[in-house]
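Let's take a relaxed walk through a structure, going from whole chains down to single residues. Keep the picture open while you read.

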Amino acid sequence: MASASMRQFKAMLRKDVVMELRTKEMLMSMGLYSLLTMVVYFVALSQAGAGFDPRDIAAGLLWLAFIFTSMLGLNRSLVHEKDQGCLEALLLSPVDRPVIYFAKVTGNLLFLLIVEALTIPVFAFLFLQGETIDLRTMALIPLVLVAGSIGIAGVGTLLATMSVNTSGKDFVLAMLFIPLIYPLLLGAVMATGAAIVGTPEALGVFWTGMAWVIGYDVIMLLASYGLYEFIVGA
Amino acid sequence: MKSSVIRALIALVVGGALTLAAFLGAFFWAGVPDFGFVRTAQQTDSVRYQGPFVQDVDEARYLRNFVGYEADITADGTLTEGRITEASEDGVTLETDAGDVTIAAADFDSAQVHGSTYGRPDWGQKIFYFHVPVAEISFIVFGFAAFYSIRFIMTRRREYDTKARVSMEVTLLFVMFTMATGILWTRAAWGVWWMWEPRLTTYFIMTLLVIGYFVLRNAVEDEERRALYAAAFGILAFIDAPISFFITRLIPSNHPVIERGGLEPPMLATFIIAQIGMILLGYAIYQLRMGEVLLRDRIEHAKTLLER
Amino acid sequence: MDATLKEVYSLVLTQWPLVAGAYALLWTGLVVYVGLALKRLSELGKQLEVLEAAVARRGAE
């Protein structure tokens, strides 16, 4: 039974990946969107003056970019499913609803992580040149990225499943998603900021932030997993 | 239908009377706590008098801050007692029983200044008697909304969706009251209109979640789907309520926390009456809105009967 | 008022508009909301009476 679920999970994930490789639509739009965000950041910071240390707000800027990019991606991924009638076909097939949920979450997580991994070097190249950065603590950032993205994909997939069936899809998604994701965002920015600052005291802050993010992931994934079954069939 | 309206009216009258009683109690019975203190040269009144104020001063120039105060000044080994009438960099003039005495700064050794301390009354604390009960009701009714959402998902009965929706409306009303009174209290107590402080932030997020619930409801056409989505979001949104409630006890926060035994009996009694009154008012508003929804249902039913 | 007491009560003097504002907002909000709800309720009640009378008349015919 478990192996059958596993097979179904893999098949659904492969479908998402193959479709993405063929059209490259989600990665392209999310990547370019995050690049555009960097331009907006440059304009926003252009009057900041010489005494300004970009490392202080780097974590916040990064997660801001991730949040908006992820909303774009989540919306797209579910709109696709709906427009092509894929979700309805899946619901008719004998597949467990949780499997659908986890396949969708994993797909979104994958694309989100790829875009994040591409955004960080670009951000560092554009804003952090010449700043002293401790590479050893920076190595902790992938941890926050993965933990934070799991929460974003988990909650976001559930909310996007709802919002694609509403009038005013993207606004509804933003209205539901941003307040709900707030605790995770706070923890993630805390941890990322601590990793960028990189002093020994900052390491304690890093793990506090991580605990926050992981706790949020556990609670919200359980709740979303429980609720998805009711939402997807509606 | 009728019974729910009658219950609502009873709760409205009793709750209104208790709230009014608490309002009077807050202003005419409960005392005003102190918020910091004021030093004065002498005791003019016993109201809010906290006790004598004594300050040792070791440099003459500091006495400029204490013109009008009684002082014992030691200069060149001799003690002079009197009221400071003038003080500058150069010296200090005292009014003593034996006439005015001027002491040069060069001769000054030390001084002891005497005055009175008065408590500054914190009138803004009056907001507490209603701000806290209103906030509590918002949490309680939010809990009911989440409970009815869970019941709806389990049973799929339309009445639970209606109950969840009406509870959420009452939550929105009380959240707005909490925000309004809270912002004014923030200004009174902290001197700013808003502060990104853990309790305020999480409560603000809760406000957004409740608004988001109605945005979601309005954006879904299909009735059954709307009910399911709203129920799911209501449950997810409720996760923020305990966070907001307990956060002041978990991480350092400016927001005051009521401690056991922290209130004098008249204050505590007023607070409890206000709480009971507000709970009844919240219940009354919920029942009124429920009665209205049921009336609308019956009107729809009568209309379909007539159209046949 | 004595200068000392004025200083003592300065917080009261600066805080009263805020306290009054908080209570005014709360009370007017409650009264208006409940009043509107009651008004809607009575209007709906009248509407229902008319409709149900019409239904009863049709049933009798």
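How many helices and how many strands does chain C have? Chain C has two helices and zero strands. Before going on, keep in mind that this is a predicted model.

**Chains A and C on their own**

Chain C is a good place to start. If its 61 residues formed a compact globule, the radius of gyration would be near 10 Å, but chain C has 26 Å. Look at its C-alpha trace along the principal axes and you'll see a span of about 85 × 15 × 10 Å. As for the inside, 15% of the 61 residues in chain C are buried.

Now turn to chain A. Here you can count nine helices and zero strands, so to read its elements from the N terminus on, you just go α-α-α-α-α-α-α-α-α. The radius of gyration of chain A is 19 Å, close to the 17 Å from the globule rule for 234 residues, so chain A is as compact as a globular protein of that length. Its C-alpha atoms fill a box of roughly 60 × 35 × 30 Å along the principal axes. Of the 234 residues in chain A, 39% are buried. And what about contacts along the chain? Taking the contacts in chain A with a separation of 6 or more, 86% are between residues 24 or more positions apart.

Here are the two chains next to each other:

| Chain | Helices and strands | Radius of gyration | Span or box of C-alpha atoms | Buried residues |
|---|---|---|---|---|
| Chain A | nine helices, zero strands | 19 Å | roughly 60 × 35 × 30 Å | 39% of 234 residues |
| Chain C | two helices, zero strands | 26 Å | about 85 × 15 × 10 Å | 15% of 61 residues |

**Who touches whom**

Which chains have the most contacts between them? Among the two pairs of chains that touch, that is chains B and C. Chains A and C do not touch, and their nearest C-alpha atoms are 26 Å apart.

Let's look at the contact of chains B and C. It takes 39 residues from chain B and 33 residues from chain C. On the chain B side, α1 (2-28), β1 (34-40), β7 (108-121), α3 (158-190) and α7 (265-307) each supply at least two residues. The largest share of that side, 14 residues, comes from α7(B). Sorted by class, the side of chain B that touches chain C has 23 nonpolar, five polar and 11 charged residues.

Then there is the contact of chains A and B, where 18 residues of chain A meet 20 residues of chain B. On the chain A side, α8 (169-197) and α9 (200-232) each give at least two residues. The largest share, seven residues, comes from α8(A). By class, this side of chain A has 14 nonpolar, four polar and no charged residues.

**Two helices crossing in chain B**

Zoom in on chain B and find helix α2 (residues 128-155) and helix α5 (residues 223-238). Their axes come within 8 Å and cross at roughly 135°. That angle makes α2(B) oblique to α5(B). The crossing in which α2(B) passes α5(B) is left-handed. Several residues of α2(B) make the contact, among them Phe142(B), Gly143(B) and Ile153(B), and the residues of α5(B) include Ala227(B), Gly234(B) and Phe238(B). By class, the contact has 10 nonpolar, three polar and no charged residues.

**Two residues up close**

First, find Gln125(B) in the loop between β7 and α2 of chain B. Is Gln125(B) buried or exposed? Gln125(B) is buried, because 23 other C-beta atoms lie within 10 Å and the cut-off for buried is 20 or more. Leaving out neighbours within four places in sequence, Gln125(B) is in contact with Val32(B) and Pro33(B). Gln125(B) and Asp34(B) are 91 residues apart in sequence, yet 9.6 Å apart in space, C-alpha to C-alpha.

Next comes Ile247(B), in helix α6 (residues 240-250) of chain B. With 18 other C-beta atoms within 10 Å, Ile247(B) is partly exposed. Not counting residues up to four places away in sequence, Ile247(B) touches Pro198(B), Arg199(B), Thr202(B) and Ser253(B). One of these, Arg199(B), is 48 residues from Ile247(B) in sequence and 6.3 Å away in space, C-alpha to C-alpha.

Notes:
Residues numbered from 1 in each chain as written. Chains lettered and ligands numbered in written order. Predicted model: local features only at pLDDT ≥ 70, side-chain atom pairs only at ≥ 80, totals over all residues. Axes fitted to C-alpha atoms, helices over the stretch in contact; angles between N-to-C directions. Helix = DSSP H or I, 4+ residues; strand = E, 2+ residues; numbered from the N terminus. Parallel < 35°, antiparallel > 145°, perpendicular 65-115°, else oblique. Left-handed = near helix turned anticlockwise from the far one by under 90°. Contact = placed C-beta atoms within 7 Å. Nonpolar A, V, L, I, M, F, W, Y, C, P; charged D, E, K, R; others polar. Rg over C-alpha atoms; globule rule 2.2 N^0.38 Å. Buried ≥ 20, exposed ≤ 12 C-beta atoms within 10 Å, placed from the backbone.
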